[in-house]
Every structure is written in C-alpha cells, then in structure tokens.
Amino acid sequence: MNKEQRIVWIDQYLKGALSNEERARFEEQYRNERDFAKAIDLQKELGAILADQEVLALNRQVESVIEQLESRAEAGAAPILSSRPVINWWIWVGAGLISFLLALSALWYFRQQNELQKKDVIALIDQFMQEETGLSDSQGSVSRTARPSAEESSAPLSENTAAQLELLYHFSGKALLEEHLSILNTMDSLYRLDSAAVQARRPDFFLTHGLHNLYAGRTKEALSDFELARPAHPERVEWYRALAFLKTPGKRSEAVQILQSIAFRKHQYRKQAEALLKVISNE
Amino acid sequence: MPTEDPLYPVTANDELQALLEGNGPALSKAIESCYLEARAHLKANNGTSEEAQDLVQEAVLVALKRAREGRLALTSPLGAYLAGICKNLWRHRLREKKRMGTVTNEFFLEYTPGGKSWQEQEEEEWRLAARQNLYLKKLKVLRGSCKKLLELDANGLDLKTIGKILGYTYGYTRRKKGKCLSKLIEMIQSDPIYKEISHSSDLKS
C-alpha cells in the first residue's frame, strides 16, 4: 500500500465506508503501528477544519484585518511595526549623537574661520594704516613716507606747532588706544592754541586727526575729519573712508563699493584695495 | 449584532457573539488591537510580523474553542483577551524552543482542569490551535479546484454530487480527491513546524 492509498484508506475509515473485514484490519494496524495513530489524527483534524465554516470565516477575517493594517502602515497611515526584526535603538541613538557632534564641530570650525577672517580684515586695515601713519616698523625705525611734505603746505607752521606735529607723527604708529586719545586731545588743544598755524596745514591736520580717530574706533568722527582733508588728499581720503566704513558695523557694502572703485582704476591704493577685496570675498 | 453606536457600547457578549459568527466590527477591532499588541510584544523579543499573524490566528482559534466549550467568560475586551493568549502562546513557543523553565499563565486559572494537569491541558490546546493554523495555511497554498473538492467532501457530500458540481466524472473525482488529500497532507507533514506541534505518539485505546 503506497502513501496515497493509505491516506484514502484512512479517509474511508473516518467516513465509515469500510466493510467489517476491512475495518477489523484497519484497527489491527492502528494498534500495532505507532505512526498510524498520528496519521489518523491528522486526517481527522484536517477534515474537521475543512468542514468548519466558522473557523474558515474567522481565518479569513483575521487575514483581512491584518492585511488592511499592513497596507495602511505601508502607506504611512498607521504607525505600526515593520515586518523586519527588531531595530537596535542604541545604534540609532549613537549615530544621532555622532551626527550631532559632527554638526557642532563643523559649526564651531566655520565660526572660528569666520572670526579669523574678520580679524584678518581688521589686521590688514591696521597694517595699512600703520604703513601710512605709524611710520615705524617692528624695530622701531622711523620713516616718513606719509608725512605731509613741505611742498604740500600752503603756509609755514609756527616752529612750536611744527615740532609738536612732528612728535605726533612719530608716536602715531606705536600708539595704543589711550595714546591715540591723548594725541587727539593734544591736537585739539593745539587747534585751539594756534588755530592759524593749524589752518595753514588744515588738510594734513584733519587727515592725521581722522586717522587717530579711526585708530581709536571713532569712525564717525574720522569720516568727518576725512571730509575736511579731502581737497588736498582726495585719494588718501577715499582709501581711509573705505577703511572707516569697514570698521563701522553695517557699512560694509559702502566700503566694498569704494574699494572696487579704487581697485578698478589707476589709484595710489589700488594694490591695497585689491588685497582687501580678496580677503573680504573669502569671508 | 455588535454596534459602534456610543449609546450602545459593544459588550463582552457582543464580542463573543462576533467571535462565534466570525464577522462584525467588534471582532475586527479586537483582532486589530490584538495584532498590534502581539507585534509590539514580538518586537521586544526579536519576532517578525509573520509570527505575529500566526499568533493572532492561533489565539482566535483557542478563544473560539473555549467559547464553544463554554469556558470563555470575558472580563476584559476581546482584543485584550486575545492579546493575553498571544503572549502566552509566544512564551510557550519560546519554552518549546529552549526546553527550559515553566510558563506562568494567568489563563490557567480560568477553567477547572480535567483529568490532565493545567499545563498539559493548555499545551494540548495550543498545539491543536497551531496545527489548525498550519492546516489552514497549507490549504491556502493548494490549488482552487483541489481546495473546493476537499471542502465539499469534508462537508459530507458524496463524490457523485461533488463531480456534478465541479463538472468531473465520478472516477476522476475519486482519483483527484486522493491526489489532493495526499498533496495537502504531504505539505503539512513536510513543514518543520509540524514535528514540533504534531500529536503525541502514544497509542490510543
């Protein structure tokens, strides 16, 4: 008897379709063969399930509800779990933490860079101004390239005033904030004491006055001074106005405009303006 | 019939009725909450959605059997009750896999044990539900005509009538039935789960 014949035999027994003789033979085998009982139980249960309409309906109902839930989840409507095995949340938390730290580091780096570039612009301005007015290098030797020449003077200064101006030029390159303020006070006193002499060198006086104001961070006053110096020193005033705007918060676009006008024409500060624009564009 | 009307909330009896009838919104709601709980529980135990679906199918079969035998007295919503069975079924499965420890089961307290111990009785119940679920799963894989033939046969129709319904001759219907039944049993027996949940090999009197 092959497997299929045996299955049919069991099926006939369960349906009561065997003859008495066959039935006796069947029960004999049931008693003697251990696996035969298991095979009968399986077919018995299978027959019961196939005939049980309630079970079949329930099975379909469960399947349909779960199918709907899963399709809703796939469409993103219901936050139910995925069909994959469990996700290790520690990995996600770790990844999130690392991403956060990386973002923080990047932010810090760019801020630092930005600060550095801002410092670079200020340092460059100071350097240009020192070259112009400080007239001193790191060894303290003195040059006088920017000092107003005698030819530029419209009238001779009194000896006293000339000597004091000489001293002021000498100190301006190495001066600290307090010293610039002190120089400005001295210049103001000088203006009051010997206004005639100052008036004779009015553009030079106000250019120097403006530069010390600029050094001291008083950009508004510096810009006023530069306006008074403009007739005799148009290119210098243009350049220092640009530097004054650069040092003034919110006035960068004005500064860039002036620098561009210097950089694109023949101008005594053309190279400096180009250098400064390059630094600004990298910010 | 269960209703969603807030003036007439779904009662335990409605749910039980829905379970026995195999339809209704109350049953769908219960299945949904049971499935979600089963999935959450399985998530915490490295299970999959397929296992959760199996657990729900088996829990429903267990609940139906208890309801038919008058052993199901719902003191909580059907969904929570089914979820409780799912949890215990899962623990039972884990224990079967690990072959260690004992399973704590609050549902043991629901009925008076017969000749067998509570554990034996419940294990038998769970094994039966798992086998029934396996049969249903394999039945779905079977070809439509085979499935129809076996269902008609199980419902007590004679082969001549079945042949007429399906448009076969008597001889062909008889041969086809043998082949379909044989195929279905072969699929069931070759499933690795069957060995774990098959009947005890003790001889029956």
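**Reasons behind the labels**

Trainee: Why is B:S49 called buried in this predicted model?
Mentor: Its relative accessible area is 6%. Buried means under 20%, so B:S49 earns the label.

Trainee: Where is B:S49 found, and what does its side chain make a polar contact with?
Mentor: B:S49 is in helix 3 of chain B. Its side chain makes a polar contact with the side chain of B:E50, at 3.4 Å. The cut-off is 3.5 Å, and residues adjacent in sequence count only if both atoms are side-chain atoms. Here the contact is side chain to side chain, so the pair passes.

Trainee: How do you know that A:H233 is buried?
Mentor: Same kind of reasoning: A:H233 has a relative accessible area of 4%, and the limit is under 20%. A:H233 sits in the loop between helix 10 and helix 11 of chain A. Its C-alpha atom is separated by 8.3 Å from that of A:D204, although the two are 29 residues apart along the chain.

Trainee: Staying with helix 10 of chain A, which of its residues are buried?
Mentor: Helix 10 covers residues 219-229, and the buried ones are A:T219, A:A222, A:L223, A:D225, A:F226 and A:A229. Seen down the helix axis, these buried residues fall within an arc of 160°, so they line one face.

Trainee: What do the buried residues of helix 10 of chain A pack against?
Mentor: They pack against helix 9 (202-215) and helix 11 (234-247) of chain A.

Trainee: What makes A:E27 and A:R23 a salt bridge?
Mentor: Their closest N and O atoms are 3.7 Å apart, and the rule asks for within 4 Å, so the pair counts. Both lie in helix 2 (residues 20-32) of chain A, four residues apart, about one turn of the helix. An α-helix has 3.6 residues a turn, so residues three or four places apart point the same way.

Trainee: Why is A:E27 called partly exposed?
Mentor: A:E27 comes in at 26% relative accessibility. Partly exposed is what lies between buried, under 20%, and exposed, over 50%, so A:E27 fits. A:R23 is partly exposed too, at 36%.

Trainee: How do you know that A:R230 forms a salt bridge with A:E227?
Mentor: The closest N and O atoms of that pair are 2.9 Å apart, set against a limit of 4 Å. A:R230 has a relative accessible area of 30%, so it is partly exposed. A:E227, at 38%, is partly exposed as well.

Trainee: What makes B:E32 and A:R72 a salt bridge?
Mentor: Their side chains meet at 3.5 Å, N to O, which is within 4 Å. The count between chain B and chain A is eight salt bridges.

Trainee: Which element of chain B gives the most residues to the side that touches chain A?
Mentor: That's helix 8 of chain B, with 11 residues. In total, the contact takes 59 residues from chain B and 44 from chain A.

Trainee: What is the area buried between the two chains?
Mentor: About 4700 Å², of which carbon and sulfur atoms give 61%. The size of an interface is often given as the accessible area lost when the parts come together.

Key
Residues numbered from 1 in each chain as written. Chains lettered and ligands numbered in written order. Predicted model: local features only at pLDDT ≥ 70, side-chain atom pairs only at ≥ 80, totals over all residues. Heavy atoms only, no water. Buried < 20%, exposed > 50% of the residue type's maximum accessible area, 1.4 Å probe, protein only. Helix = DSSP H or I, 4+ residues; strand = E, 2+ residues; numbered from the N terminus. Arc of directions from axis to C-beta. Contact = heavy atoms within 4.5 Å. Buried area = accessible area lost by both parts, 1.4 Å probe. Polar contact = N/O pair within 3.5 Å; in protein donor to acceptor, adjacent residues only side chain to side chain.
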